[in-house]
Structures are given as structure tokens and as C-alpha cells.
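Hello,

Here is the structure I promised to pass on to you. Please have it open while you read, as my notes follow directly below.

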Amino acid sequence: MSERVGERGEMTPSAQPAELKKIMMVPLDPVHDVGLKLIRRALCERGHEVVLLPPDLSPEEVVEKAREVRPDCLLVSRTISYGTAEVLARFLDLLDTAGLRDTMRVAVGGMSIRPELAQEMGFDAGFGPDTTVEEAVAFVEGRQLCERGSQPSLLKPDLTQGFSYRFKDEEVGRLCGEIARELLDWARDRTSPGVIRAQIREEMEKARAEGNHEGVTKLREEYARLTGDEILRFYREGVPVSHTRPLTPAEISAFSALEDKARQMEGPVRPASAGIMQDRVVFIQYGTGCPLMDGHHILLSQAWGARGVVHFDPSWGARQEGFLEGAWSHQHDGTVITLENLKLIKKSILPSNLWQVRAHRGLNTPETVVLAALAGADLTKINVVYGSLAAGTDPERLCVDGVKCLELAARFGLPYDVVTNEELAGVPAAKAFAGMLVVMAAGILLNGRPILQPLFARSPEAIIGGIMDEDFVDFNAAKVAVLTNIVDAPIWPGAPVGFLTQSQDRAQSSTMTGLHAALAFSLGATAVTVASSDEAYAGGPITGAARVDSLQSVAAAIRFFGRTKISPSPRAAFLAEKLREDILKTLKSALSAGSFVRALYEGVFGSREEGAYPGRAGRGTVTRRP
Ligand code: B12
């Protein structure tokens, strides 16, 4: 049995066969021969000599023909699933009796074939229904599709490449610039425990790397003084935070198997459905609480075409001052951010895929950026507006910490998306966009590489205002159009796409996910984040099957639309114009508030009535720099 059975991959199109072969092909089937005709075309194009027999021959007739042709290779196809084993077994017996079995390599494929069946029966190889033509050709030519180094590896996508970050809309650009400069000036002489801890963490990890144990102990003590509640107890008394436990040595060593698997998966051996997603960057989100479980989810999602993964942390990490150290499992949703956990999880991420660690809310955002960089993440996520208005962090505190995040991300060369999930709380898209654009402008002033993240969802604003009653295309298209006209920057709809259009029904949710992803790419998006089909209504942990069906659905929708364009109705242009007007209105109100931070408290970027509540975590912790 060939070791190629069940393997996936693609042929290097330019490579010519080392040796030309004589091939006989036959459908051992009443009619179905399309698969073989497809393979014949590829083999002929590569110069092989091919004899294709018609369908509906008896096994005896085929053996007789084989005696005459004497091929190097015999390719049998079977589509009809009844009687398959009997027909094929009889055929192999006859071939053997005729003394021909050992004179040629014999493979079987088609809709009713599974590699295991072929193996049991004694074929040299068996190919299932999703076999690619390249795999069939590789078998004939005796090539290993998954030979390491035989294929160029995929390149890690750079989501920000080719964007100038120039504001094309001068009026919006001027207002954003003015507000952003005021924010940066305001933050310049302010600090917070979060900012100081990030500095300590960086120094501490440097000292650790240099083997400076004394330095580490001193810095750890300094760090602990700036933590609170359960985190302080962890540093002082070694007590785990509630609902966490250390990973066991067996769990930690299990990551090396994930690392091996990720290495094997890199390059040409991804499932067929993944191929279509290779040049479309689709992110999934993970954060089961268990880093090992996350690793498995990451591997599975990558196998089905995900090119990026996003780390979700527990919500207590956002409310507590300080991070733990070590490798921890968390009983509830969200995987604890520590350098050790991140380094373990990284093992499951394919080298050519993207990894984001989010720093958009809570009391530890600058340290998150530091840890993301130290662990080798590719991206982070920053938006003080969302974190302040819909994720519970005090606006003043998050503005100080957020500006530090922007500086750190620029220093580490980490691009970041500027998320607008406050729209999910009810904030109108225009206000969320105004906030996103100001933060983006601040990021640009600090030489960062921000990415716009408009929500692709049926937001509360859209539901209540009836904006998306007619379709799910126009409003999303308007969002992309308005942003594209304002600034030359990458757009990464999320997070995830399709929120509030998905339901408890997994088939419906996958379909919605796939269509939203395809719409985003059709509109020119650089990347998308998708939900697993049970994510919106998970009654427990997200399942692997639900991840696969959503990614399959994304692949199918991308295949369906290809490079064609989805054309929104004229209403999209009207909605885009309205969005621009309201963005301008919001920016003007923010400017007249005199301070970005004040504008956040006063509801300029989303009011209480609209569902935006300035957070309280960290209130009163901002101090002047000495
Ligand atoms: C086209 C088609 C037909 C055409 C066939 C034309 C032809 N010249 O081939 C026609 C209309 C004639 C036909 C007839 C029938 N069909 Co028909 N047909 C299909 C259909 C729609 C597509 C099959 C196809 O060509 N796929 C495309 C090719 C490219 O795929 P493929 O063969 O799987 O090949 C790929 C791989 O499998 C692989 N491969 C294939 N062979 C080999 C071999 C090797 C060595 C290797 C390496 C790889 C390999 O490479 C290819 C590339 O990916 C399918 C349903 C579907 N899938 O949509 C039903 C289907 C296969 N047909 C089916 C049936 C039942 C029939 C009939 C029996 C119906 C009837 N009762 O009359 C009749 C046959 C009548 C008879 N005389 O017995 C059933 C089979 C059900 C089953 N469980 O067995 C299917 C699944 C439809 C259904 N659900 O009812 N059919």
C-alpha cells in the first residue's frame, strides 16, 4: 500500500515528469467516467501515454485489455457505491491470476472509494472523492506530494503591505488628526499601574533571559506591589486565581506533538478545502480556557483553511491589575495570558499563519502588547473607545494605557486592528467609526500600522432602525465604501463577521458565516474573522465539528463567488454618504468637547441611551508622571 493514500497537496505545475509512463484508465462503473477524463487531460498534458477504456466493461474484459496494453500504471475508478467491494475484489483476483498484478502499479479512486478500503483490498493506492488531479498525477509519476522542501512554503501574509495610511478625505483626516494629537499630548505626562507593569515585565523578561536571577526577584517584587486582589495573593502566597490550575507536566509535554503536527501541516499537505483559502486571510478565535485544547482547535482550524488565529483571554484578566506567571488552565471561557501559556500555544500555529493577541480592553493592555511581542505574535488589537464604552474599562485609564499600547506596538513592529465592537452594544456605526478613525490617526502619528476593523454584523442599530431589513449586503458594503474613501488602510471586517445573523441552527450559521466572509472579500477586505457555527449560541464549549463546518462554508462561498464582485444596490451609496455625514458630526462634537477623554465620558462616541457605558475598572488610577 502506498504511503500516499489519503495525503493532500498540490503539484508544482512547472515540474516536468522525470520519466514518461504508459497508463491505462478504466471506470469499473456503469457510466461514471468524468473523474478519469479529468485526470487523463492532466496526464496527456504532461506527455504520458494514456489509454482510457469505456465504462461498463466486465472485469474479465478489462484484464484482457491490460494484457494487451501492458501499462506501467492502471487507474481504476468507481463511483456507484453498491457492489463496489465485490467488483474490485474480483478484478484484482483476475489480474493476479493473469500474472499481471506485479507488472504494474494499480490505484483505485472515485466517489465510492475510501483509502482504507483500497488498502484492505490490496491496491497500491486508494483515492477518495476529494482527490485532486495533482494527487492522481503525483501517484502516476511516483512523486511524494508532501516531501518537505519539494514545495515552496506559504508566505506569512502582511495585512498592512501596500497601504499608504494617507487620509483621502481631507476634512475627516484633519479632524481625526487634531483630536488624535490632543489625545497624545494629554497622555504624554500621565501614567498608570498598567503602564508601569508593562515596563517592569519587559525588564524582568530581559533579566530572565540574561540569567540575572537577582534582578528577576527584585523586579517581581516591584511588579507584585502593583497588582491587586487575587493576583497579589498569587505573587505573595502562590495561591492560584479562582477557576485556574497549573498545567500538568503531561499536558505541557503534549504540546510537542502539536508542534510536530503543525510542522507536518505547513506547506502542501493541507486539506483540499484549505487550498482555496490560501490567499484569503480568514481568522478564527480561540480561548477555551485550556491552552492544550486551544492548540487542538487551532490545528483543526488551520487544517480547514484558517490563516490566522485570535487569542481570547478570560474577562477577569481585564478587571484585575496584573497578570499571572506560568502555564495555567482556566475552567471557564478565555485562556489565561502569560508568557508561558502563549509560548505553548504558539507551537500549534503554522509558521506561515498569523497570530493575534488582543490588547483592547482591561487593566493590562500595555503588558499584553509586551507579552504578545515576546511570545512572537504577529498582531495585537487596540481600541480605547470600544474598551472604554462597551468593555468595562475606565476611559481615562484606557486612554493612558491605550496610547502606551500604540507606542509599544509601533516599537515592536506589531500591526493591530482597531476594533469597533461597541456597535454590538448599540452604538451607531458612524460613532464607532469616528472613534476608530481617531485611534487609527493616533496610531499613524506614532508610526504604527493600524488596521480598520468595521463590524460586519446585523448590529442593534441596524435591527432597531430597520437598516438591514432588506438584505445583509448594503449596510456592510456602505461601511467598507465609506472607510475606503476616507483612508488608504487595510480593512479586516469582524469580529466575527455575521454576528446577529447566526442562530442556534448550525447549517444556517455556517451559511451566514460563509456569505459574510465572501462578501467581505468581494468588497476588497484584507482579512476577516469568522465565528464557529455554534459560537453565537454555544451552550458550552465550542466544538471542533462546528469550527470545521463554518470554515468549510467559508471555503464553499469563496469558491462560489471566486473573483466575481457582489454588487450592492444603490442604497449602499446612500448609506455610505449618511455614514460619512454622521462620522463628521461625531468628530466635530468630539473636537468641541475640548478633550478626547471628556468626549468619551460625555457620550460623544456613543451615549448611555445607545448602550455605551463608560467602564469603571481602573477608575482613579491614572497619575502624573514624576
Ligand atoms: C454526472 C453524473 C452522472 C452522469 C454520468 C456521466 C459520465 N459520463 O460520467 C449520468 C447522468 C449518465 C449519471 C447516471 C447515473 N448516475 Co450519476 N451522477 C453524476 C453526478 C451528478 C456527478 C458525478 C461526476 O461526474 N462528478 C465529477 C467527477 C470529476 O468527480 P469524481 O468522479 O468523484 O472524480 C474525482 C475523484 O473521485 C477522483 N477520482 C475518480 N476516479 C478516480 C480514479 C483514480 C485512480 C484516482 C486517483 C482518482 C479518481 O478524481 C476526480 C477529481 O476530483 C453525481 C452526483 C454529484 N456528485 O453531483 C451522480 C451520482 C454519482 N450518480 C448516481 C447514480 C445512482 C446514477 C444512476 C445509477 C442513476 C439511475 N438510477 O439511473 C445512473 C447510472 C445508470 C446506470 N447505467 O447504471 C449516484 C450514485 C449513488 C451511489 N451511492 O452510488 C450519484 C451520487 C447521484 C445521487 N446522489 O443519486 N450520473
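Let me begin with strand E14, residues 450-453, in this predicted model. Pro 450 and Leu 452 point one way from the strand, while Ile 451 and Gln 453 point the other way. In a regular strand the side chains alternate between the two faces of the sheet, so this is the pattern to expect. Both sets in E14 are buried.

E14 runs parallel to strand E13 (residues 416-419), and four bridges join the two. If you want a place to look, Val 418 has Leu 452 as its bridge partner in E14. Together with helix H18 (residues 429-445), E13 and E14 form a β-α-β unit, and the unit is right-handed.

H18 also matters for the next topic, the nonpolar cores. The largest of them has 149 residues, and those touching the most other members are Phe 433, Leu 437, Val 438, Ala 517 and Val 528. H18 is the top contributor to this core, giving 13 residues. Leu 437 is in contact with Val 172, Cys 176 and Ile 486, if its neighbours within four places in sequence are left aside. There is also a second, separate core, made of 31 residues, including Met 25, Val 26, Leu 28 and Leu 74. As background, nonpolar side chains tend to be buried together in soluble globular proteins.

Now to the ligand. The shell around the ligand counts 26 residues, and Pro 30, Val 34, Gly 35, Ser 77 and Gly 109 come nearest. By class, 16 of the shell residues are nonpolar, nine are polar and one is charged. Helix H1 (34-45), strand E3 (73-77), strand E4 (105-109) and helix H5 (133-141) each supply at least two residues. Which element gives the most to this shell? That is H1, with five residues.

Two of those elements, E3 and E4, pair in the parallel sense over five bridges. Here Ser 77 stands opposite Gly 109 in E4, and both residues are among those that come nearest to the ligand. Between the two strands the chain passes through helix H3 (residues 84-97), in a right-handed β-α-β crossover.

E4 has another parallel partner in strand E5 (residues 125-127), to which three bridges join it. Val 108 stands opposite Gly 126 in E5. The chain goes from E4 through helix H4 (residues 115-121) to E5, and this β-α-β crossover is right-handed too. As for burial, E4 is mostly covered, with four of its five residues buried.

One more helix caught my eye: H15, residues 365-375, where nine of the eleven residues are buried. Among the buried ones are Thr 365, Glu 367, Val 369 and Leu 371. The buried residues of H15 pack against helices H7 (193-209), H14 (339-346) and H17 (395-412), and against strands E11 (354-358) and E12 (379-381). Right after H15 comes Gly 376, whose phi is positive, near 90 degrees.

Finally, the overall picture. The protein chain has 24 helices and 16 strands, and 53% of its 626 residues count as buried. Its C-alpha atoms fill a box of roughly 90 × 65 × 40 Å along the principal axes. Among contacts between residues at least 6 apart in sequence, 77% join residues at least 24 apart.

Happy to hear what you think once you have had a look.

Best wishes

Definitions and conventions
Residues numbered from 1 in each chain as written. Predicted model: local features only at pLDDT ≥ 70, side-chain atom pairs only at ≥ 80, totals over all residues. Near = placed C-beta within 6 Å. Nonpolar A, V, L, I, M, F, W, Y, C, P; charged D, E, K, R; others polar. Buried ≥ 20, exposed ≤ 12 C-beta atoms within 10 Å, placed from the backbone. Pairing = 2+ DSSP bridges. Right-handed = clockwise from strand over helix to strand, strands pointing away. Core = buried A, V, L, I, M, F, W, Y, C linked by C-beta atoms within 7 Å. Contact = placed C-beta atoms within 7 Å.
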